[in-house]
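Open the model in a viewer and keep a selection tool at hand. The stops below go from the whole chain to single residues.

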Amino acid sequence: CKEYTFPNNFKFGVATAAYQVEGAWNTGGKGENIWDHMTHTNPSSILDRSNGDIACDSYHKIKEDVRLLKNLGVDFYRFSISWSRILPSGKTDHINPDGIRYYNELIDELLANDIKPFVTMHHYDLPQPLQEEEGGFLNLKLADYFEDYADVLYKNFGDRVRDWTTFNQPTLICFLGYSGEFIAPMITRKDGGYLCGHTLLIAHAKAYHLYNKRYRASQKGRIGIVQNIFWFEPRTNNIEDLQAAEAANEFNFGWFANPIFSKEGDYPQIMKENIEYASKQEALPKSRLPEFTQEEIELIKGSADFLGVNHYTTFYCSPVEDKSIEIGLFYIPDMNTNCIVDKTAEGSSSSWLKVKPTGFRKALNWIKQQYDNPEVIILENGISDAGNLLNDCLRVNYYNLYLTEMLKAIHEDGCNVSGYAAWSFMDNFEWRSGYTQKFGLYSVDFDDPARPRTPKMSAFVFKNIIRERKINWTYTPD
Ligand code: GCO
């Protein structure tokens with residue numbers, strides 16, 4: 001088969017998130033966030049009753065981890081900043097000096113090793129006081145608190161950080177956190193996801209325009225947002241399934257991509273229909289219906305310099321009337337759509353992650369067609385295992401198969417993809433799966449207080465791919 005190489009200026013990275021790797025949950029003045037709170041007050045919400053109190057202890061391992069990143073040969077390191085380590089209350093009444101110190105040290109160590117810091121401002125770990133006292137992202141005031149938080153980040157780190165993303169996977173933050181008991185804060189309200197999404201889009205736009213007004217001229221960076229695209233395919237070629245799949249892509253990805261990246265802005269039509277439906281369910285006064293004013297549409301439209309995309313797998317959709325299928329992970333109640341995994345496909349130890357590489361190319365082409373080929377940076381892609389070497393062989397296959405489809409999308413289809421980060425740098429706290437699902441190129445021994453990192457075979461394979469700038473199935477240890 002044809003051999004593809006990576007474009008000359010294509011950038012490689014690996015990704016993590018603060019709560020999943022840092023630990024030091026209450027060290028140096030850090031405030032409590034909603035994951036600290038949930039895992040401490042409701043340990044049974046986590047499959048192995050674990051938490052991120054220590055995690056990979058990355059807070060204490062800056063030099064060791066940057067050495068590993070340097071050895072991998074990555075161009076950038078995608079990590080997130082813990083809002084509650086910077087602003088313990090979530091508001092700017094107190095800026096925590098140790099939080100500023102920690103991220104300055106990490107950023108400086110990365111730059112000293114020619115690795116670009118690629119920063120996610122918010123990756124699920126909302127300060128608990130903003131949830132408890134303000135109602136979290138259901139409250140539009142969070143958009144102002146987020147803007148203030150972004151200002152602190154630009155001011156303190158923007159002279160060295162050129163690549164920012166505001167939110168990681170807003171669909172999951174809102175749909176799984178406020179419309180379903182999947183992730184913290186585990187609120188279930190029919191209109192919860194929509195109200196949360198409204199706040200996040202306005203918060204994102206405020207942070208973008210703040211940067212334009214006060215920092216872009218001097219700091220010359222760029223601001224994006226990270227959306228996850230589970231690719232949705234029709235289960236059969238009948239029209240109902242085709243419509244269900246397109247509706248699921250619009251609902252899950254278009255919800256946040258349309259207002260920012262489409263020509264017309266605003267929510268996709270299917271979302272507006274569903275917001276109306278959900279609001280009727282809650283009998284919300286019309287004034288609470290999360291719909292944008294024309295001014296807000298203009299504020300949000302175009303408010304990003306690139307589109308961060310996470311991708312893992314493909315689901316197969318039908319209208320929910322088809323009683324022959326059980327309700328899958330992506331049962332979208334307001335849309336009567338049900339999308340399930342292909343249980344016959346090769347998969348990881350996690351129930352939802354099947355190896356379906358062609359879905360990656362299709363997803364990139366859908367984005368190209370929907371949003372006029374925006375610059376896309378892949379900021380998460382990978383597969384989990386239950387911690388055994390056999391699964392790491394699956395990870396080597398997964399990376400080569402998915403990178404091949406991405407290169408086809410670039411070389412054959414003209415998709416504008418400029419970079420790629422593997423999820424994840426190292427095994428870490430996988431949210432409600434705890435430490436039972438391991439996504440890392442490096443394994444971490446969570447039974448050892450030293451949290452030693454050990455490269456898996458896939459780490460060497462990924463390193464070879466970066467070094468030789470082409471697909472590489474061979475494992476050549478250092
Ligand atoms: C997410 C996050 C990551 C996950 C990864 C594997 O999708 O929830 O971006 O934090 O760990 O995607 O599920």
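What follows is a tour of a predicted model, one selection at a time.

**Whole chain**

Start with everything shown as a cartoon. The chain holds 16 helices and 14 strands. Its radius of gyration is 21 Å, close to the 23 Å that the globule rule gives for 478 residues, so the chain is as compact as a globular protein of that length. Measured out along the principal axes, the C-alpha trace spans about 60 × 55 × 45 Å.

Switch to a surface. About 17600 Å² is exposed, and carbon and sulfur atoms supply 52% of that area. Of the 478 residues, 64% count as buried. If you draw contacts between residues at least 6 apart in sequence, 75% of them join residues at least 24 apart. Colouring by charge brings up 50 positive and 64 negative charges, whose mean positions are 4 Å apart.

**Helix H2**

Select residues 34–41, which form helix H2. Ile34, Trp35, Asp36, Met38 and Thr39 are buried there. Show helix H1 (18–21) and helix H6 (128–132) as well, since the buried residues of H2 pack against both. Then go to the start of H2, where a side-chain oxygen of Asn33 comes to within 2.9 Å of the backbone nitrogen of Trp35.

**Arg49 and Tyr124**

Move on to Arg49, in the loop between H2 and helix H3 (62–72). Its phi is near 55°, a positive value in a residue other than glycine. Arg49 is exposed, with a relative accessible area of 53%, because the cut-off for exposed is over 50%.

Next select Tyr124, in the loop between strand E3 (116–122) and H6. Tyr124 is not a glycine either, and has a positive phi of about 80°. Is Tyr124 buried or exposed? Its relative accessible area is 7%, so Tyr124 is buried.

**Asn168**

Tyr124 is one of the residues that Asn168 touches. Select Asn168 in strand E4 (residues 163–168). Its relative accessibility is 0%, so Asn168 counts as buried. Which side chains make polar contacts with the side chain of Asn168? One is that of Arg78, at 2.8 Å; another is that of His123, at 3.0 Å. Leaving aside residues up to four places away in sequence, the residues touched by Asn168 also include Thr120, His122, Ile173, Val226, Asn310 and Glu380.

**Two cis peptide bonds**

Display the backbone around Ala184 and Pro185, which are joined by a cis peptide bond with omega of about 10°. Pro185 sits in the loop between helix H8 (170–178) and helix H9 (192–214).

Then go to Trp423 and Ser424, where a cis peptide bond has omega of about 15°. Ser424 belongs to the loop between strand E12 (417–423) and strand E13 (442–444).

**Lys463**

End at helix H16 (residues 457–468) and select Lys463. Is this lysine, Lys463, buried or exposed? Lys463 is buried, because its relative accessible area of 12% is under the 20% cut-off. The side chains of Lys463 and Asn71 make a polar contact of 3.2 Å. Beyond residues up to four places away in sequence, Lys463 touches Asn71, Leu72 and Asp478.

Definitions and conventions. Residues numbered from 1 in each chain as written. Predicted model: local features only at pLDDT ≥ 70, side-chain atom pairs only at ≥ 80, totals over all residues. Heavy atoms only, no water. Helix = DSSP H or I, 4+ residues; strand = E, 2+ residues; numbered from the N terminus. Buried < 20%, exposed > 50% of the residue type's maximum accessible area, 1.4 Å probe, protein only. Polar contact = N/O pair within 3.5 Å; in protein donor to acceptor, adjacent residues only side chain to side chain. Contact = heavy atoms within 4.5 Å. Rg over C-alpha atoms; globule rule 2.2 N^0.38 Å. Areas by Shrake-Rupley, 256 points an atom, 1.4 Å probe, with all protein chains shown as cover. Lys, Arg positive; Asp, Glu negative; His and termini not counted. Charge placed at Lys NZ, Arg CZ, Asp CG, Glu CD.
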